[in-house]
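Biologist: I'm new to this one. Could you walk me through how to read it?

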Amino acid sequence: MTDINQFIEGLPKAELHLHIEGSFEPELMFEIAKRNRIEIPFGTIEEVKEAYKFNNLQEFLDIYYAGANVLITEKDFYDLTWAYLTKIHKQNVVHTEIFFDPQTHTDRGVSFDTVITGIHRALVDGKERLGISFVLIMSFLRHLSEESAFETLKQAAPYKDWIEAVGLDSSEVGNPPSKFESVFKKALDENYLTVAHAGEEGPAEYIWEALDLLKITRNDHGNRCMDDDRLVARLVDEQMPLTLCPLSNLELKVVPDLRDHPIAKMMERGLLVTINSDDPAYFGGYMNENYIATAEALELTKDQITTLAKNGFKASWLPEEEKNQRIEEVETYYQHN
Ligand code: HPA
Ligand code: ZN
């Protein structure tokens, strides 16, 4: 397997499903909590790690929002984003499309400007100093009201040039895409692309809604499409990308074991699937760990791994020329390794 691991490590990769708040490593959380003089309910890194044991999405979200509470200043958001970029740089991730959750911060009195300016400044530095291209996606929290999402869309207006798309995350069951149809319509009218988390814990029906009502360009997660043959046929037909997150699925008990992960079957059926890390600080791995664990559990071949890496670029919003160049790079790497 070492051979495969090395192959994965050297492969140029694109990440398309990453919550920047979910890349908040305990070490940095302690440092920022200290400088902002904020109490956190953990004494040691070990205690933090102990708390990161989840039975479902909600148990994770409760801890994830608590962790984000220590982020206050523009520098905090810069440091958070910069730490993520330096990490993925070492893993040969050359393009990343990241989510941020403005409401997690604006609801605590941190201004939209502080959040986005810190994140964006780090992304620009990452492009310049590490060569990592990027896209920023503003995600609405689906457990909050549609009115709150409208307010967030309004706050984003002055920063429109920095935001490519809007997304939908947080507690899925009971908060279907249809709840946000109007605000997504407004976002589409304003020329944002749209994506949504659907079919992680929620049913296949939510994926239909995301497609038909929110007019998504990509579906985040989407595991549950496998319950519905007609839906799979449509996703294949439209080559709708699914941004899968294997270690996240394992940690949140979406799958009982990685050997049960549907990604290989999905590929066989012709779905455009990609591997991503979701919330790497909480789920025990960045891109390489996700690829390696999945390859090991499902005994993926280099050929399959290469397809997954190509899919990452194919499903990205890179300009066509850059996209093709990256896919070519992956192919060349495969030929030589
Ligand atoms: N699902 C829903 N909401 C989230 C996730 C996720 O995997 N990560 C961060 N917010
Ligand atoms: Zn996610």
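Modeller: We'll take the sheet, then the helices, then the ligand.
This is a predicted model, where local features need pLDDT of at least 70, side-chain atom pairs count only at pLDDT 80 or more, and totals for chains, interfaces and linings use all residues. Residues are numbered from 1 along each chain as its sequence is written, chains are lettered from A and ligands numbered from 1 in the order in which they are written, and side-chain values use heavy atoms, with hydrogens and water left out.

Biologist: What is the order of the strands in the open sheet?

Modeller: In general, strands of a sheet pair through backbone hydrogen bonds, either parallel or antiparallel. Here eight strands run in the order E1-E2-E3-E4-E5-E6-E7-E8, with parallel pairing. Strands are DSSP runs of E, at least two residues, and helices are runs of H or I, at least four, numbered from the N terminus; strands pair if DSSP finds at least two bridges between them. E1 (13-19) and E8 (273-275) each have a single partner strand, so one side of each lacks a neighbour in the sheet. From one strand to the next, the twist averages 25° (angles run from 0 to 180 degrees between N-to-C directions, with axes fitted to C-alpha atoms, for helices over the stretch in contact).

Biologist: How many bridges join E7 to E8?

Modeller: Three, with E7 spanning residues 242-244. Leu244 has Ile275 in E8 as its bridge partner.

Biologist: Which strands does helix H7 lie across?

Modeller: H7 (residues 112-130) lies across E2 and E3 (133-141), at about 155° to E3. Helix H5 (residues 74-90) also packs on the sheet, touching E1 and E2 (93-100); touching, or contact, means heavy atoms within 4.5 Å. H5's direction makes about 150° with that of E2.

Biologist: And what surrounds ligand 1?

Modeller: A residue counts as near if one of its heavy atoms lies within 4 Å. Those around ligand 1 include His19, Tyr64, His197 and His221. For polar contacts, look for N or O pairs within 3.5 Å. A backbone N or O atom of Ser170 lies 2.8 Å from a ligand nitrogen atom. The side chain of Asp278 has an N or O atom 2.7 Å from an oxygen atom of ligand 1, and one in the side chain of Asp279 is 2.7 Å from a ligand nitrogen.

Key:
A polar contact is a pair of N or O atoms within 3.5 Å; within protein, one must be able to donate a hydrogen and the other to accept it, and residues adjacent in sequence count only if both atoms are side-chain atoms.
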